[in-house]
Amino acid sequence: MKKGSLRQQENRAGLAMISPTLLVVLAVVVLPMLWTLVLAFQRIRLINVRDTGLFERYTLQNFVSVFGSPGFWSSVATTLVYAIGGTVLSLALGLVAALALRKPFRGRGFLRGAMLLPYVAPVVAVAFVWEVMLSPQYGIVNEWGARLFGWDRPIAFLTQREATISLLGMDIPVPVALLTVIVFEGWRYFPFAFLFLLARLQAIPGELEEAARVDGATPTQRFRHILLPQLAGVIALLAMLRFVMNFTKFDDVYLLTGGGAGTDVASVRVYDFITARFDVGAASAQALALAAVLLVFLAVYLKFFAPKPEDKA
Amino acid sequence: MNRDTFETRLFRVLRWVVLAGLALATLFPFYYMIVLSIRPIEDLLRDPGALWVSVSQWTTSTYEEVLSPEDAGGQGMLGLLVNSALVSLGTVVLTLLVSIPGSYAVSRLRFFGHRQVHFLFLAVYLFPAILLAVPLFVLFTKLGLRDSLVGLTIVYVAQTIPVSIYMLRNYLSTIPESIEEAAAIDGCSRGQVLWRVTVPLAAPAIMANALYVFMIAWNEFLFALLFLVADREKWTVSLGLAQLAGGIEVPKTVLMAGSVVLTIPIVLLFYAAERMLTEGLTSGADKG
């Protein structure tokens, strides 16, 4: 057998070792993704899926019916509010937690572990606990709300679309259920931001801050001018990751509210299109609309916020 | 008092307030889950605000109901736990088999397209599960794989590969190449180097990664719901619990017992490997 040069050998070995990965990714991610493109342009229901070929009956009908269906645009708005709210909240909580746990103290290891629990626990389990805690009938939050704050009526956190709060003579509408699922999202994913921000914080050399302290910078000034610029890259990356994940989040909202009470995020609609109406074409079209919005956001991130190649160590 | 001392003191106090608040927010739901699971349901309805149940009141009937098989009047979660374990372990083994050579290739070897491969992993990682749900649902229906644990495992493998390769690659890049070169000079082939030198050296990272993959597969809900819902025999625990909640009137305390059963394996594994796991996930974070 004729052996190639070392370089060629390396090339062949590399391709051989990466090919199982490529195969799986190609078969279960890339091809299905491309197929969505096809499905979105065909009138397909689950019943006739077996005898619909690749090259049949292309139409824009799915998009027309999805964009025109009642609740589509409000669902886009809900999804955006949910994704942005969840992202901001989880990042803010994560940052506060990382700053508080930055310096060693007794029990820090335990607390750090505890703080990762919402992220590692199964979503079904934590969604149920929240549901029980927030229940208007036997929920501990309403019970203690009545005891401590004198709530005159229990709040139906997960089933009430809107409440009005009277503040300084103004009636302000508050989307109760939507806010609740956003808070849940912030709670469940702040550990993720916390973990990465803490790792980054601990990699910042102490001399930087020491020098600023000697120059008379106060804690807030040191945070503003030293820590924050150092964290900016990770924060931008986390914001992008969390936004993308939240924007297409399914299980959290589905388990908490089932998409009701003003929490009709896009992914729950996709699910409804498949399971309730068996309308594969419409589900694909809805999914594609979701992907298109995501692509725009990703492009903006890559253009303006992503670390440039020359910054990379 | 100048601004500096004021701020320093303020944040010293604030820090402990924040720590207490965060500890409460993260631990209380889990504590509450356990307390409810051992409370008799009448007791909960009588006094919903109670934070503690006296030991004499404790009951384990909720756990009996949730775990015992259906023909014994229970909810049959034990069988579903087995399903979840099979799917999760299968996902771990397959993901590692695929991603160990993959991450080695990415971190060590220059092959055609090795730069583009990073982009592919990022794309797969970012690609939302709900978008894959539609075509995979249709595809697996066509292939007759939909109501099978094997089909579910394949989907999980694809979903966990990107993170797996990312974690392992980060670790492999910290192992000096000279060790591998020495083994190669001693006559090991590339496969032998990988198997006898690199894998043992990377054992901690591989363990951490295995746990992370197990966690994702164990906790997954969307694909289990889409693929398995028709066949009760094949449900995973997550799905079983969700169906339990949506079905006929089941006491909330039983539901909480189920949640505890679902959560315990993950929390145990997590505490056993927390340090490895967090380091594996965030190594490289300081570069961004």
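These notebook entries record what I looked up in a predicted model with chains A and B.

**Entry 1: chain A, overall form**

I began with the secondary structure of chain A, which comes to 13 helices and two strands. I then took the radius of gyration of chain A: the value is 25 Å, well over the 20 Å that the globule rule gives for 313 residues, so chain A is more spread out than a compact globule. Along the principal axes, the C-alpha atoms of chain A fill a box of roughly 70 × 70 × 35 Å.

**Entry 2: chain A, burial, contacts and charge**

I looked up burial next and found that 51% of the 313 residues in chain A are buried. For contacts between residues at least 6 apart in sequence, I noted that 62% in chain A join residues at least 24 apart. The exposed area of chain A is about 15100 Å², and carbon and sulfur atoms supply 67% of it. Chain A has 28 positive and 20 negative charges, and I found their mean positions to be 8 Å apart.

**Entry 3: Arg222(A)**

I located Arg222(A) in helix H10 of chain A, which covers residues 219–247. Is Arg222(A) buried or exposed? Its relative accessible area is 9%, and because buried means under 20%, Arg222(A) counts as buried. I then asked which backbone oxygen the side chain of Arg222(A) reaches. The partner is the backbone oxygen of Ala217(A), at 3.0 Å. Leaving aside neighbours within four places in sequence, I listed the contacts of Arg222(A) as Glu209(A), Ala212(A), Arg213(A), Ala217(A) and Leu227(A). Ala217(A) therefore appears both in this contact list and as the residue whose backbone oxygen the arginine side chain reaches.

**Entry 4: Ala261(A)**

I turned to the loop between helix H11 (251–256) and helix H12 (266–275) of chain A, where Ala261(A) has its place. The phi of Ala261(A) is near 55°, a positive value in a residue other than glycine. I noted this because most residues other than glycine have a negative phi. Ala261(A) is buried, with a relative accessible area of 17%.

**Entry 5: chain B, overall form**

For chain B I recorded 13 helices and zero strands. Read along the sequence, the pattern of chain B is α-α-α-α-α-α-α-α-α-α-α-α-α. I found a radius of gyration of 24 Å for chain B, whereas a compact globule of 288 residues would have one near 19 Å. The C-alpha trace of chain B spans about 75 × 75 × 35 Å along its principal axes.

**Entry 6: chain B, burial, contacts and charge**

Of the 288 residues in chain B, I found 52% to be buried. Among contacts between residues at least 6 apart in sequence, 71% in chain B join residues at least 24 apart. Chain B exposes about 12900 Å², with carbon and sulfur atoms supplying 67% of it. I noted 19 positive and 21 negative charges in chain B, with mean positions 10 Å apart.

**Entry 7: Thr160(B)**

My last look-up was Thr160(B), which lies in helix H7 of chain B, residues 149–172. Thr160(B) has a relative accessible area of 3% and is buried. Where does the side chain of Thr160(B) reach a backbone oxygen? I found it at Tyr156(B), at 2.9 Å. With neighbours within four places in sequence left aside, Thr160(B) is in contact with Thr91(B), Thr95(B), Val213(B) and Ile216(B).

Notes: Residues numbered from 1 in each chain as written. Chains lettered and ligands numbered in written order. Predicted model: local features only at pLDDT ≥ 70, side-chain atom pairs only at ≥ 80, totals over all residues. Heavy atoms only, no water. Helix = DSSP H or I, 4+ residues; strand = E, 2+ residues; numbered from the N terminus. Rg over C-alpha atoms; globule rule 2.2 N^0.38 Å. Buried < 20%, exposed > 50% of the residue type's maximum accessible area, 1.4 Å probe, protein only. Contact = heavy atoms within 4.5 Å. Areas by Shrake-Rupley, 256 points an atom, 1.4 Å probe, with all protein chains shown as cover. Lys, Arg positive; Asp, Glu negative; His and termini not counted. Charge placed at Lys NZ, Arg CZ, Asp CG, Glu CD. Polar contact = N/O pair within 3.5 Å; in protein donor to acceptor, adjacent residues only side chain to side chain.
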